[in-house]
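User: Please take a close look at the strands of chain A. How are they paired, and what lies against them?

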Amino acid sequence: MAGQHPVLETRGLTIRFGGHVAVDAVSCRFEPGTLTAIVGPNGAGKTTYFNLISGQLPASDGQVLLYGEDVTRDAAPVRTRKGMGRAFQLTNLFPNLTVLENVRLAVQARTGLGLNLASMWGSHVELVERAENCLARVALAERRHMLASALSHGDQRKLEVAILLALEPEIFMFDEPTAGMSVDEVPVILDLIHEIKAGKDKTILLVEHKMDVVRSLADRIIVLHQGQLVADGEPAKVIASPVVQEAYLGVSPAGSASG
Amino acid sequence: MIASLLSADFPRSRILAVALLAVFAGLALAPFLFPGTRPLDVAAKVCVFILLVASYDLLLGYTGIVSFAHTMFFGIGGYGVAIALSRMEVGWGAIAVGTAAAVLLSLALSFLIGLFSLRVKAIFFAMITLAVASFFAILASQLSNVTGGEDGITFRVPELLRPAYRVLEQPLLGVTVGGRFVTYYLVFGASLVLFVALLRVVNSPFGRVLQAIRENEFRAEALGYRIVVYRTLANCLGALVATLAGVLYALWLRYTGPNTTLDFAIMIDILLMVVIGGMGTMYGAVIGATIFVVAQNYLQEAMKAVSGALKGVPVLPDLFHPDRWLLWFGVLFVLSVYYFPAGIVGQLRARAALKK
């Protein structure tokens with residue numbers, strides 16, 4: 001499917017807010033079957049980088065390429081239909097719809113059924129089944145008739161992931177999927193990411209703060225610091241590198257890297 | 001059967017179910033239950049406004065679009081048949097032509113308004129619709145050789161719908177079966193069919209996307225829905241139904257003028273009916289429009305009775321003078337919003353859900 005092109009590539013991707021450069025000329029390629037963790041201190045531009053890739057923010061400069069095709073000018077819904085899927089850091093749901101409806105909307109988005117005015121919502125059994133299947137994978141099946149707003153924080157995070165699964169994307173973008181979850185809830189999500197990774201054909205991007213999570217999941221780590229890509233490589237090497245020690249952990253060895 | 005008719009969207013509250021059945025029975029049998037010109041006028045107006053308010057609920061309650069142009073589309077429908085029936089040979093053909101022209105104009109306008117302004121923030125969209133609607137109202141009052149200006153247009157309807165026409169020689173159960181009877185059931189039947197259709201739309205896959213847009217526009221877009229398409233379509237649908245409601249109302253009144261269709265006061269009334277009934281419920285339109293229209297027509301009489309009974313007491317008769325009906329109407333409205341923030345339907349459903 002990918003040919004000689006990487007699944008996803010950013011070239012000199014930049015966004016400026018006034019004088020502040022939040023993401024600064026980040027060039028990076030992402031290959032299928034790999035999980036890339038994006039790390040960096042708060043305010044390093046990780047989520048902004050995600051927003052640029054998935055189209056929530058317009059790039060000031062540079063390009064986003066999907067299978068070699070320039071999608072920089074495409075709006076977010078177009079990129080989603082081309083295979084990008086995003087789970088948000090701040091829970092981003094339809095609060096007054098049920099859990100099942102939330103996921104069903106994502107399943108439906110892939111079918112083009114959204115413009116069907118004449119049939120009953122409940123009559124599309126196959127969509128409901130697919131939605132229920134996604135909910136089962138995040139252990140939310142028994143809460144499917146609750147309103148999304150009535151879920152606990154951890155369950156809302158799980159629902160966010162279920163919605164991402166329902167989109168069946170080629171590129172999974174997780175933005176701190178386990179943030180704010182209780183300890184016993186975290187494994188459900190991590191196992192799921194493992195499972196997606198084990199399929200070998202999906203590209204996974206993960207923004208994560210917890211270093212143990214990153215170590216256990218990532219094939220590769222890239223480090224953002226003040227909007228710039230400062231390190232890229234195997235997890236063990238990157239974590240050990242002086243650049244990361246300074247940028248991420250705040251330790252400042254002699255001969256520090258550019259900022 | 002019933003599930004399919006209601007699109008599986010049940011009242012979900014026993015009180016609400018009873019109230020809806022009562023309204024339905026009352027309207028279905030209005031010519032028999034409430035004989036006389038005035039009650040039938042009120043019943044027809046209730047039918048038309050249920051439809052008008054339901055179509056507005058599609059925008060406000062389901063999609064979260066605040067539009068002030070709804071009366072404009074209502075007016076386009078009214079003027080469409082009025083102009084056709086007063087210029088062409090009176091007949092069903094003229095009604096068809098007038099309706100078709102009105103629908104096309106409404107669809108074109110709502111499409112344009114949609115494209116122009118659905119990309120901007122909600123408040124600007126509301127302002128744009130307000131401006132367009134005001135412009136249209138001024139246009140209608142100025143183009144007096146076409147629209148009759150402030151006087152409006154009084155027109156003749158096909159023979160079958162004329163008051164003097166008799167379908168049956170003998171009264172049926174004491175009710176004259178004539179032109180008014182036929183017109184009433186035309187209005188009632190068309191309103192019912194269109195209401196059921198709207199109920200289906202809001203419970204279709206499309207309708208859920210509209211709710212998703214209302215709930216979280218950003219997220220709906222991230223799922224891959226192009227919200228401009230959905231909003232524009234919702235806008236056009238709302239305009240279409242409002243136009244048809246305008247046609248029905250004009251046929252009932254045999255008159256169209258600024259005061260019956262384009263007046264901004266009617267826009268406010270529609271807003272109140274949606275809010276009182278309960279936004280985003282469809283059934284709220286039934287309850288809201290019924291209470292509102294009936295109160296509008298009978299509150300004055302009720303107050304006249306109260307005022308008469310209080311004769312001799314200082315101040316009070318003045319307070320209940322029929323001319324003060326708007327004051328009391330306002331008080332009723334404030335109380336209902338205070339005690340039923342989710343509207344009557346929303347409140348009833350919440351209560352029923354708690355009991356479970």
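Analyst: What follows goes through the strands of chain A, then the helices beside them, and ends at the partner chain.

This is a predicted model, in which local features need pLDDT of at least 70, side-chain atom pairs need 80 or more, and totals for chains, interfaces and linings use all residues. Residues are numbered from 1 along each chain as written, and chains are lettered from A and ligands numbered from 1 in written order.

Helices (H or I, at least four residues) and strands (E, at least two) are DSSP runs numbered from the N terminus. Strands pair when DSSP finds at least two bridges between them.

Begin with strand β1 of chain A, residues 8-17. Its partner is strand β4 of chain A (61-66), and the two are antiparallel, with 5 bridges. One of the bridge pairs joins L8(A) to L66(A) of β4(A). L66(A) also has E69(A) as its bridge partner in β5(A). Strand β5(A), residues 69-70, is again antiparallel to β4(A), here over 2 bridges. Between the strands of this β4(A)-β5(A) hairpin there are 2 residues, and Y67(A) has a positive phi near 50°.

Most residues other than glycine have a negative phi. A25(A), not a glycine, also has a positive phi, near 50°. This residue belongs to strand β2(A), residues 20-30. How buried or exposed is A25(A)? A25(A) has 15 other C-beta atoms within 10 Å and is therefore partly exposed (20 or more within 10 Å counts as buried, 12 or fewer as exposed, and in between as partly exposed, with C-beta atoms placed from the backbone).

Next comes an open sheet of 6 strands in chain A, in the order β6-β7-β8-β3-β9-β10, with mixed pairing. Why do β6(A) and β10(A) each have a side without a neighbour in the sheet? Strands β6(A) (84-87) and β10(A) (228-233) are at the edges and have a single partner strand each, so one side of each is left without a neighbour there. Ignoring direction, neighbouring strands of this sheet are turned by 20° against each other on average. Within the sheet, β3(A) (35-39) and β9(A) (220-225) pair in the parallel sense through 4 bridges. There, A37(A) is bridged to I221(A) of β9(A).

Helices also lie against this sheet. Helix α1(A), residues 46-54, packs on the sheet and touches β3(A), β6(A), β7(A) (171-175), β8(A) (203-207) and β9(A) (residues are in contact when their C-beta atoms, placed from the backbone, lie within 7 Å). The direction of α1(A) makes about 150° with that of β7(A) (axes are lines fitted to C-alpha atoms, for helices over the stretch in contact, with angles from 0 to 180 degrees between N-to-C directions). Helix α5(A), residues 153-166, lies across β6(A) and β7(A) and runs at about 175° to β6(A). The edge strand β6(A) is thus touched by α1(A) and crossed by α5(A).

The last point is the other chain. How many residues does each chain give to the contact? Chain A gives 28 residues and chain B gives 23. On the side of chain A that touches chain B, the elements with two or more residues are α2(A) (76-81) and α3(A) (99-109). Of the elements, α3(A) gives the most to that side, with 5 residues.

Technical notes
Contact = placed C-beta atoms within 7 Å.
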